[in-house]
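User: I'm new to this structure and would like to learn how to read it. Could you walk me through it one feature at a time?

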Amino acid sequence: MVIVEETPKIPTQDQEKLTEEIERLYTNLSILGWNIEACEAIAPYTLRINTLKKEKGIKILAHSYQTADIIFGVADIVGDSLALAKRATEIEEDTILLCGVDFMAETVKILNPEKNVFVPSKGRDCTLADSITGEDVRKLKEKHPGAPVVCYVNTTAEVKAESDICCTSANAQKIIESLESDTVIYLPDENMGKNLAEITGKNIITWRGYCRTHHALTTNRLEKLLKDPNVKTFAHLECRPEIIQSVDLHGGTGDMNKLAAESSNGDKILFLTEQGFIDRMKIEYPDLKFSDSHMICVSMKRNDIFSVYKIVENLTLENKIELDEEIRKKAYKAVKRMLKY
Ligand code: CIZ
């Protein structure tokens, strides 16, 4: 016997609009191997989400690590944390739905306290953000007085509030180089701390935090991914130092996006980062050849088109991001300072 559980119910929709929506989805998603039946299954949801967004004044922001049905089906703005944080300040709508992990939504709220910021489901953990508390940062500052504290964007508002400046993978190098001090506290990513020490030549005091997705990439795994010697390799700064040392380029997904935009038809690229970003690139740059990294962030993948649908239909308080105002104001200084870079 087969029991098919019910998916969320949606009101009946105009058949013509539904057909157009299926075609729109298929145009993009077929590049990743989606067939028409798969697009038919999600089209009622993406169509309804896009209608509700307009009716309710909601903007959907999605991190590049989200699945392609969210990115190409319903997102208004897609990018890395830096791009999302910057674009969030230009939004007219009162309500933002952030498809990503919780610290990303907190960053949007830090910059836009007057907006209602929601996530498809709360508790989207991040091994980096969960590795350190505000109290840990206070102790580090006592131990290393005078050293400026740079926190990676993958941190809670409480940790940002204890830091001098925030950074993302796109601007970490520039920010550390801009500081007068030769010794910098960089937290919480140990791999990134070591990589940035090597790149900038500064003394970096770091923390034992890892992105489980990037840290799981070992040189053995990289060898297996590197089947073609003509592929350009570009590793995310969250990867282990031995990976960074063995590739052609390093940086964040913002830098990777720039490389894709500047590449010529037929170029072969292996981005060593979360697979969702590679899927996005495959659709946006169909003339380039991207190898798969098979690196999956399970926290990011817990959002899906159904959880997005449910929250857009019913903006429940439990999915709303709320921050203590004192903490938010302190964190704002660190995040605002980052936006200049
Ligand atoms: O900066 C971000 O959004 C993160 C966490 C990674 C990246 O490079 O997109």
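User: Let's start with helix α5. Which elements do the buried residues of α5 pack against?

Analyst: This is a predicted model, so keep in mind that we're reading computed values. The buried residues of α5 pack against β1 (58-63), α4 (81-88), β3 (95-99), β4 (116-118), α7 (157-161) and α16 (325-338).

User: How many residues of helix α5 are buried?

Analyst: The cut-off to remember is that buried means under 20% relative accessible area. In helix α5, which covers residues 102-111, 10 of the 10 residues are buried, so the helix is largely enclosed by the rest of the structure. Charged residues are on that list too: Asp102, Glu106 and Lys109 are among the buried residues of α5. Others on it include Phe103, Met104, Val108, Ile110 and Leu111.

User: Now for single residues. Is Asn50 buried or exposed?

Analyst: Asn50 has a relative accessible area of 15%, so it counts as buried. You'll find Asn50 in helix α2, residues 36-56. Setting aside residues up to four places away in sequence, Asn50 touches Glu21, Arg24, Gly73 and Val74.

User: And which residues is Ile305 in contact with?

Analyst: Again, skip the neighbours within four places in sequence. Ile305 is then in contact with Ile42, Thr46, Ile49, Asp69, Ile70 and Val74. Ile305 is found in helix α15 (residues 305-313), and with a relative accessible area of 2% it is buried. Here's a good lesson in sequence versus space: Ile305 and Asp69 are 236 residues apart in sequence, yet their C-alpha atoms are 6.9 Å apart.

User: Next, the big picture. Which domains is the protein chain divided into?

Analyst: There's domain 1 (12-123 + 300-319), domain 2 (129-209) and domain 3 (213-291). Notice that domain 1 is written as two segments. Let's take the pair of domain 1 and domain 3, whose C-alpha centres lie 25 Å apart.

User: How do I read the interface there?

Analyst: The size of an interface is often given as the accessible area lost when the parts come together. For domain 1 and domain 3, about 1100 Å² is buried between them, with 67% of it on carbon and sulfur atoms. On the domain 1 side, Leu32, Tyr65 and Phe72 supply 46% of the area buried against domain 3, more than any other three residues. Counted by residue, 14 from domain 1 are in contact with 13 from domain 3.

User: What about polar links? How many salt bridges does the rule find across the interface of domain 1 and domain 3?

Analyst: The rule finds 1 salt bridge across that interface. Glu274 forms a salt bridge with Lys301, and their closest N and O atoms are 2.9 Å apart. As for polar contacts, the count between domain 1 and domain 3 is 4 residue pairs.

User: Which elements of domain 1 supply the side that touches domain 3?

Analyst: α1 (15-29), α3 (68-73) and β2 (77-79) each give at least two residues to that side, and the largest share, 3 residues, comes from α3. Sorted by class, this side of domain 1 has 8 nonpolar, 4 polar and 2 charged residues.

User: One last stop: where is Ser293?

Analyst: Ser293 sits in the loop between β12 (289-291) and α15. Its relative accessible area is 1%, so Ser293 is buried. Leaving aside neighbours within four places in sequence, the contacts of Ser293 include Arg221, Phe271 and Glu274. You've met Glu274 already, as the partner of Lys301 in a salt bridge.

Key: Residues numbered from 1 in each chain as written. Predicted model: local features only at pLDDT ≥ 70, side-chain atom pairs only at ≥ 80, totals over all residues. Heavy atoms only, no water. Helix = DSSP H or I, 4+ residues; strand = E, 2+ residues; numbered from the N terminus. Buried < 20%, exposed > 50% of the residue type's maximum accessible area, 1.4 Å probe, protein only. Contact = heavy atoms within 4.5 Å. Domains from an automatic or database assignment. Buried area = accessible area lost by both parts, 1.4 Å probe. Salt bridge = Lys/Arg side-chain N within 4 Å of Asp/Glu carboxyl O. Polar contact = N/O pair within 3.5 Å; in protein donor to acceptor, adjacent residues only side chain to side chain.
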